[in-house]
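Got the viewer open? Here is a walk through the model, one selection at a time.

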Amino acid sequence: MDTYAGKHVIVTGAAGDIGSKVVRKLYKAGVTHLVMFVRNKDNINSKTVQTINSNKSPTQVHFVECDFQLPQLIEQKFNYAMQNHLMGRIDHIFLCHGVV
């Protein structure tokens with residue numbers, strides 16, 4: 001996971017089982033910017049919240065609520081994340097959402 005240190009990353013489905021595990025690993029690996037695409041921020045896994053709240057990483061974590069069942073919003077949400085959270089740079093996208 002050291003290859004992700006300093007990177008700008010998006011994880012879709014970040015509140016789900018697989019997505020939350022990916023988020024925790026990336027956070028611990030020291031990504032610079034981590035954007036979590038979730039359907040609902042209130043559904044984020046408690047282990048993920050504990051990891052993020054541990055403050056043991058320089059990672060800046062950002063949340064973007066996006067329902068991938070509404071395709072008309074997807075491009076708008078990705079553009080928002082790119083401009084406001086990723087400084088126009090994206091190194092990796094992990095697609096962990098269950099609905100396309």
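**First stop: a phenylalanine**

Select Phe-68: with a relative accessible area of 11%, Phe-68 is buried. Bear in mind while you look around that this is a predicted model.

Which residues share an aromatic cluster with Phe-68? Add Phe-37 and Phe-78 to the selection, and you have the one cluster that these three residues form. Searching the whole structure turns up three aromatic pairs. One of them is Phe-37 with Phe-68, a tilted pair at 6.3 Å centre to centre and 50° between the planes. That pair ties together distant parts of the chain: Phe-37 sits in strand β2 (residues 33-38), while Phe-68 is in the loop between β3 (60-65) and α3, 31 residues apart. Is Phe-37 buried or exposed? Phe-37 is buried, at a relative accessible area of 0%.

**Zoom out to the whole chain**

Switch to cartoon and colour by secondary structure. You should find three helices and four strands in the protein chain. Trace them along the sequence and the pattern reads β-α-β-α-β-α-β. The radius of gyration is 12 Å, close to the 13 Å that the globule rule gives for 100 residues, so the chain is as compact as a globular protein of that length. If you like boxes, the C-alpha trace spans about 35 × 30 × 20 Å along its principal axes.

Now try a surface. The accessible surface of the protein chain comes to about 5900 Å², and carbon and sulfur atoms account for 49% of that. Of the 100 residues, 38% count as buried. Take contacts between residues at least 6 apart in sequence: 74% of those join residues at least 24 apart. For the charges, colour the 11 positive and 7 negative ones; their mean positions are 8 Å apart.

**Into helix α1**

Next, select Gly-19 and Ser-20, and show their surroundings. Gly-19 is in helix α1, and Ser-20 is in helix α1 (residues 17-29). Gly-19 counts as buried at 0% relative accessibility, and Ser-20 is buried with a relative accessible area of 0%.

What does Gly-19 touch, beyond its neighbours within four places in sequence? Look for Val-11, Gly-13, Ala-14 and Cys-96. Do the equivalent for Ser-20, setting aside residues up to four places away, and you get Gly-13, Ala-14, Asn-45 and Thr-48. While Thr-48 is on screen, draw a distance from Gly-19: C-alpha to C-alpha, the two are 9.8 Å apart in space and 29 residues apart in sequence.

**Two lysines to compare**

Move on to Lys-41, in the loop between β2 and α2 (46-53). Its relative accessible area is 43%, so Lys-41 is partly exposed. With neighbours within four places in sequence left aside, Lys-41 is in contact with Phe-63 and Glu-65. Lys-41 and Glu-65 are 24 residues apart in sequence, yet 6.8 Å apart in space, C-alpha to C-alpha.

Keep Glu-65 displayed and bring up Lys-77, which lies in helix α3. Lys-77 is partly exposed, with a relative accessible area of 25%. Which residues does Lys-77 touch, not counting those up to four places away in sequence? They are Phe-37, Val-64, Glu-65 and Cys-66. So you meet two familiar names again: Phe-37 and Glu-65. One more distance here: Lys-77 to Arg-39 is 12 Å in space, C-alpha to C-alpha, across 38 residues of sequence.

**Both ends of the α3 region**

Slide along to Pro-71, in helix α3 (residues 71-84). Pro-71 counts as exposed, at 54% relative accessibility. Put a distance label on Pro-71 and Thr-51: these two are 20 residues apart in sequence and 31 Å apart in space, C-alpha to C-alpha.

Last selection: Met-87, in the loop between α3 and β4 (92-95). Met-87 is exposed, with a relative accessible area of 54%. What is phi for Met-87? Phi is near 55° there, a positive value in a residue other than glycine. For context, most residues other than glycine have a negative phi. Check the backbone at Met-87 with that in mind, and the tour is done.

Key: Residues are numbered from 1 along each chain as its sequence is written. This is a predicted model: local features need pLDDT of at least 70, side-chain atom pairs count only at pLDDT 80 or more; totals for chains, interfaces and linings use all residues. Side-chain values use heavy atoms; hydrogens and water are left out. The radius of gyration is taken over C-alpha atoms; the globule rule is 2.2 Å times the number of residues to the power 0.38. Buried means under 20% relative accessible area, exposed over 50%, partly exposed in between (1.4 Å probe, protein chains only). Contact means heavy atoms within 4.5 Å. Accessible areas come from the Shrake-Rupley method with a 1.4 Å probe; for residues, only the protein chains shown count as cover. Lys and Arg count as positive and Asp and Glu as negative; His and the chain ends are not counted. The place of a charge is taken as NZ of Lys, CZ of Arg, CG of Asp or CD of Glu. Rings of Phe, Tyr and Trp (its six-membered ring) pair if their centres lie within 6.5 Å; planes under 30 degrees apart count as stacked, over 60 as edge-to-face and the rest as tilted.
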